[in-house]
Amino acid sequence: MTSPSPEEALDSVLRHTTDNGVSWITLNRPAAMNAITPDQREHLISLLDHASADPAVRAVVLTATGKGFCAGADLRGAPAAAERVAGDVARLIRGGAQRLIAAVLDCEKPVIAAVNGTAAGLGAHLALACDLVLAAESAVFIEVFVRRGLVPDGGGAYLLPRLIGPQRAKELMFFGDALPAAEAERLGLVNRVVPDDDLAKTARAWAERLAVGPTRALALTKALVNASLESGRPAAFAAEAAAQETNMTTADAQEGLRAFIERRPPVYRGR
């Protein structure tokens, strides 16, 4: 029996299918609580970049198998402390965890996290970087870094204060306590909590609803919302006007206006 190729082995631990305009990306290392290896990270970044460019993809769902969504980065291959030189850690973070989170934030298609279980460390930030977050009732979110004597990475200190404010973010990061899905929803980290058995069905319904929407308008809306957190009113208003100008050149915008005038449901084609 021949051994699988590196590509086949990677495909087995990071499943990918496209169905009804939805790109389904599934972390599949349940025995490791879906901790992300460097190869998985690079493949995941590539899939998100491809989703942006592929007109056949109009929404993305990121989920996982087993009891864990993602336990963070797989550190088993990390160099020993004595082998590091000044700047190694910063380069590792910039080229790894931060690139992954940026790929989610910058993806031009809406990304839904379907959090099936524990999301810890980088795994929590991977979920929270998504545009919409669905969580199973059994899911928990853990800012695990402080338990290891570490500083949060993967954009955590950027994401959390923008989602729940600095005091709540510090509470989660200072104590590292497990946050149940229901409490995450109450704080505003999660859009909706559903029974475990309903997670995939709900994610599919949301994603397929997005996939028949005006794809370019959704991309521009995502970019406007994300940029608004960094800019003042004049810049935000200028960006809004520019986005409107760009969007009005799309076929979907013209279809939306015609459908309104003709009093019929619009049929968007992502163009």
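Helix axes here are lines fitted to C-alpha atoms over the stretch in contact, and angles run from 0 to 180 degrees between N-to-C directions. The model shown in these views is predicted.

**View 1. Helix 2 packs against helix 4.** Helix 2 spans residues 38-53. Helix 4 covers residues 97-106. The two axes are 9 Å apart and meet at an angle of about 20°. Angles under 35 degrees count as roughly parallel, so helix 2 is roughly parallel to helix 4. The crossing of helix 2 past helix 4 is left-handed.

**View 2. Side by side: the residues of the contact between helix 2 and helix 4.** Helix 2 contributes R41, E42, L44, I45, L48 and S52. Helix 4 answers with A97, R99, L100, A103, V104 and D106. By class, the contact holds 7 nonpolar, 1 polar and 4 charged residues.

**View 3. An open sheet of 6 strands.** The strand order is 1-2-3-5-7-10. Pairing is mixed. Strand 1 (14-19) and strand 10 (192-194) stand at the edges. Each has a single partner strand, so one side of each lacks a neighbour in the sheet. On average, neighbouring strands of this sheet are turned by 20° against each other, direction ignored.

**View 4. Strand 7 meets strand 10.** Strand 7 takes in residues 132-136. Strands 7 and 10 run parallel and are joined by 3 bridges. A136 has V194 of strand 10 as its bridge partner.

**View 5. Helix 2 lies across the sheet strands.** Strand 1, strand 2 (22-27), strand 3 (59-64) and strand 5 (111-115) are crossed by helix 2. Helix 2 runs at about 15° to strand 1.

How values were computed: Residues are numbered from 1 along each chain as its sequence is written. This is a predicted model: local features need pLDDT of at least 70, side-chain atom pairs count only at pLDDT 80 or more; totals for chains, interfaces and linings use all residues. Side-chain values use heavy atoms; hydrogens and water are left out. Two strands pair if DSSP finds at least two bridges between them. Helices (H or I, at least four residues) and strands (E, at least two) are DSSP runs, numbered from the N terminus. Contact means heavy atoms within 4.5 Å. Angles under 35 degrees count as roughly parallel, over 145 as roughly antiparallel, 65 to 115 as roughly perpendicular and the rest as oblique. A crossing is left-handed if the near helix is turned anticlockwise from the far one by less than a right angle, and right-handed if clockwise. Ala, Val, Leu, Ile, Met, Phe, Trp, Tyr, Cys and Pro count as nonpolar, Asp, Glu, Lys and Arg as charged, and the others, Gly among them, as polar.
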